[in-house]
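Reader: I would like a close look at a single part of this structure, with its surroundings described carefully and each term explained where it comes up. Please take the part step by step, and then place it in the whole.

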Amino acid sequence: MTNLIVILLIVPLSLADETCNRDADKCEDNAFKVKHTKLYSITPSRSEPDVNISSALTLNDGVKIPIFGLGVYQAGSGVETKNAVRCALENGYRQIDTAARYKNEDSVGEAIKESKIPREDIFVVTKLYDDDHGFDKTLAAFNKSLGKLGTEYVDLYLMHSPVPDNVISSWSAMVKLRQQGLVRSIGVSNFGIHHLEELKKHSTVMPSVNQIEVHPFLQESDVVNYCKEEGIAIQAYSPLTRGKKLDHPTIKAVADKHVKTPAQILLRWCIQKNYICIPKSSQSSRIVENASIFDFQLSTEDMNVLDGLEEGFRTGRPKIQEPWKG
Ligand SMILES: NC(=O)c1ccc[n+]([C@@H]2O[C@H](COP(=O)([O-])OP(=O)(O)OC[C@H]3O[C@@H](n4cnc5c(N)ncnc54)[C@H](OP(=O)(O)O)[C@@H]3O)[C@@H](O)[C@H]2O)c1
């Protein structure tokens, strides 16, 4: 990908020199000795014609993540998930976002294996669920996920939410998993600023990614700006508003103007915001449709119109606002 801009580059000192135990405040990660290293390369406005489905964003740990992927929440284990992942991979998707909670990691793993695409060319994301918090439980839950996926490593392991107790010891275990090479990157999901600030107090390692609900109707500007400052990439979930705003007149008008579908307008907005975008579909025609967003651009005026749609519309539980429990 050309035209990359490194916002602020502080080269990690050493990716290998990392020690960690149960107490997060004793977690040392020399890659992050300069606290909260900001190595976060983006394509400015992602409007260059050469941005495509294979384009990647460089995270604060140097790992490259595809800017576009398939989410598989609510895709049934077995045929439904396998077909969706297979279709996505055949159509150029190179990131799959699953979770222990979704109960389809095994199907994701099988589809990846059957695709014959080299493992290193596919970016696999899975998540630690709320029931599995604590140092030892996190390590055990990760091993279970790895077994189900049938891979030797996970590209990005996310803490699914900040809601439970023991977040700090779970994070410490995730740092250890990265140290062991079982995970390439670690991150969080549904974290608000107050959660991230607590993490910062207790660990020298900040997340590479915060996966949160974001679309024009819920822009989470405060969290997004905080994450930008801290070099944490935003992975936007429910980018299609789970289909609930696809018939909004403004979205339809922009779609008509570009001879695109409302879904494609929401996804293109997400890409041009420099978010990592993971729409879910189990239908092959929609999987193809959702990926067909790299042949047009939204103008600054279009982006401003879409930015004007903020209304705090949330499709899921507001875990991002829950109090910190430690
Ligand atoms: N970290 C978290 O807490 C969290 C929470 C929610 C989601 N996520 C992740 O983010 C992914 C995406 O979010 P999401 O699944 O909540 O919602 P979404 O991607 O915004 O929307 C998915 C819904 O839209 C439909 N759809 C897909 N493409 C469409 C199109 N072109 N036209 C019309 N409808 C379309 C899908 O139905 P069909 O399948 O029938 O096409 C499905 O009902 C999830 O799968 C998951 O990986 C994470």
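Author: Helices (H or I, at least four residues) and strands (E, at least two) are taken here as DSSP runs, numbered from the N terminus. Residues are counted from 1 along each chain, following its sequence as written. The model is predicted, and therefore local features need pLDDT of at least 70 and side-chain atom pairs count only at pLDDT 80 or more, while totals for chains, interfaces and linings use all residues.

The part I have chosen is helix α2, residues 105-115, together with the strands on either side of it. Immediately after α2 comes Lys-116, with a positive phi near 65°. Within the helix, Glu-105, Ser-107, Val-108, Gly-109, Ala-111 and Ile-112 are buried; a residue is called buried if 20 or more other C-beta atoms lie within 10 Å of its own, exposed if 12 or fewer, and partly exposed in between, with C-beta atoms placed from the backbone. These buried residues pack against α1 (79-90), β8 (95-97), β9 (123-128) and α3 (135-149), where contact means that the C-beta atoms of two residues, placed from the backbone, lie within 7 Å.

Two of these neighbours, β8 and β9, are themselves partners, since they pair in the parallel sense over three bridges; strands count as paired if DSSP finds at least two bridges between them. Ile-96 stands opposite Val-124 in β9, and the chain passes from β8 through α2 to β9 in a right-handed β-α-β crossover. Right-handed means that, with the strands pointing away from the viewer, the path from the first strand over the helix to the second runs clockwise.

On the far side of this unit the pattern continues. β9, in which six of six residues are buried, pairs in the parallel sense with β10 (residues 154-159) over four bridges, and in β10 the partner of Val-125 is Leu-156. Here the chain crosses from β9 through α3 to β10, again as a right-handed β-α-β crossover. Thr-126, for its part, has Tyr-157 as its bridge partner in β10, and Tyr-157 in turn stands opposite Ile-186 in β11. β10 and β11 pair in the parallel sense over five bridges, and the right-handed crossover between them runs through helix α4, residues 167-179. In β11 (residues 183-189), seven of the seven residues are buried.

Seen as a whole, these strands belong to an open sheet of eight with the order β7-β8-β9-β10-β11-β12-β13-β14 and parallel pairing. Because β7 (70-71) and β14 (276-277) stand at the edges with a single partner strand each, one side of each is left without a neighbour in the sheet.

Tyr-157 also appears in the largest nonpolar core, which has 85 residues and in which Leu-70, Val-85, Tyr-157, Ile-276 and Cys-277 have the most contacts. Such a core is a set of buried Ala, Val, Leu, Ile, Met, Phe, Trp, Tyr and Cys residues joined through C-beta atoms within 7 Å. Cys-277 touches, among others, Ile-67, Phe-68 and Ala-236, leaving aside residues up to four places away in sequence.
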